[in-house]
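Here is a briefing on one protein model. Keep the sequence and the 3D view open while reading.

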Amino acid sequence: MIKMKGLIIAIVVVAALAFLAIRAWNKMKNTPVAEDSHLIEQLTEQNFNNKIKKGVVLVDFWADWCMPCRMMAPILNEVAEATEGEASVYKLNVDEYQQVAARFGIRNIPTMILFKDGKEFERLVGMKTKESLLSSIEKAKK
C-alpha cells in the first residue's frame, strides 16, 4: 500500500513538471525576435579582428534557434544605446561563423565576450541583465 502511494505521488510530480516544461517551452517559442538596434552590427569572419582591436567591445555569440539569445536581444539593444560612443556592441552568429566561435571556445550560448583593445577582458555566459553588462563595460573602460 505504501509503495503504491509513493508511486502515485511520483507520477503526479513528474506529470506536473512535464506540464510546466511544455508550458515554458511554448511561451519561449513564441517570443518574438527583437530587431537589432542600428548601433549593433553583425560580425563576420572577415571583419571580426578589425572590429574588436580598439576600445571596449562587447560581442554577443548567438544563434537563431537559441531562445535565451532571443530574450537577450532587447537587453543588448538597450546596452548599445546606453554606451553609444563609449563602447561598441556586436553580434556573431555561431552557426554561420563556426571557426570564430571555436577560436574562442564558445560552448554555450548566449556567451558574451567583453574585449578591451583586442584582448578578452571578461566572459559572460548565459542571460545577463542590462545593469550587469553596463557594470562590466564600466570596469573595462577604466
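The points below cover the cores, one disulfide, two helices and a few individual residues.

The model is predicted. Its largest nonpolar core has 21 residues, and a second, separate core has 15. The structure holds one disulfide.

**Largest core**
- In soluble globular proteins, nonpolar side chains tend to be buried together.
- Here the largest nonpolar core counts 21 residues. Those with the most contacts inside it are Phe48, Val59, Phe61, Leu92, Phe104, Ile106 and Phe115.
- Five elements each supply at least two residues of this core: helix 2 (48-52), strand 2 (56-62), strand 3 (88-93), helix 4 (98-103) and strand 4 (111-116).
- Strand 2 gives the most, with four residues.
- What does Phe48 contact, leaving aside neighbours within four places in sequence? Its partners are Leu43, Val59, Phe61, Leu92, Val100, Arg103, Phe104 and Phe115.

**Second core**
- Separate from the largest core is one of 15 residues. Among them are Ile40, Val56, Ala80 and Ala87.
- Ile40 lies in strand 1 (residues 40-42). Its relative accessibility is 9%, so Ile40 counts as buried; the cut-off is under 20%.
- Ile40 touches Leu76, Asn77, Ala80, Val89, Tyr90 and Lys91, with residues up to four places away in sequence not counted.
- Ile40 and Met112 are 72 residues apart in sequence. Their C-alpha atoms are 14 Å apart in space.

**Disulfide**
- The disulfide joins Cys66 to Cys69, with an S to S distance of 2.4 Å.
- Is it right-handed or left-handed? The torsion about the S-S bond of Cys66 and Cys69 is about 80 degrees, so the disulfide is right-handed.
- Cys66 is buried, at a relative accessible area of 3%. Cys69 is buried too, with a value of 3%.

**Helix 3: Asn77 and Glu78**
- Asn77 lies in helix 3, which spans residues 67-82.
- At 12% relative accessibility, Asn77 counts as buried.
- A polar atom of the Asn77 side chain lies 2.8 Å from the backbone oxygen of Glu35.
- Beyond its neighbours within four places in sequence, Asn77 is in contact with Glu35, Asp36, Ser37 and Ile40.
- Glu78 also lies in helix 3. Why does Glu78 count as partly exposed? Its relative accessibility is 40%, and partly exposed means between the buried limit of 20% and the exposed limit of 50%.
- Glu78 and Lys130 are 52 residues apart along the chain. Their C-alpha atoms are separated by 7.2 Å.

**Helix 5**
- Helix 5 covers residues 130-141, twelve residues in number.
- At 1.5 Å a residue, helix 5 should span 16 Å. Its end C-alpha atoms are 17 Å apart, which agrees.
- Which residues of helix 5 are buried? They are Leu133, Ser136, Ile137 and Ala140.
- These buried residues cover an arc of only 100 degrees around the axis, which puts them on the same side of helix 5.
- They pack against strand 2, helix 3, strand 4 and strand 5 (119-125).

**Links between topics**
- Strand 2 gives the most to the largest core, and the buried residues of helix 5 pack against strand 2.
- Ile40 belongs to the second core, and Asn77 of helix 3 is in contact with Ile40.

Key: Residues numbered from 1 in each chain as written. Predicted model: local features only at pLDDT ≥ 70, side-chain atom pairs only at ≥ 80, totals over all residues. Heavy atoms only, no water. Core = buried A, V, L, I, M, F, W, Y, C linked by side-chain atoms within 4.5 Å. Buried < 20%, exposed > 50% of the residue type's maximum accessible area, 1.4 Å probe, protein only. Contact = heavy atoms within 4.5 Å. Disulfide = S-S within 2.5 Å. Expected span 1.5 Å × (residues − 1). Arc of directions from axis to C-beta. Polar contact = N/O pair within 3.5 Å; in protein donor to acceptor, adjacent residues only side chain to side chain.
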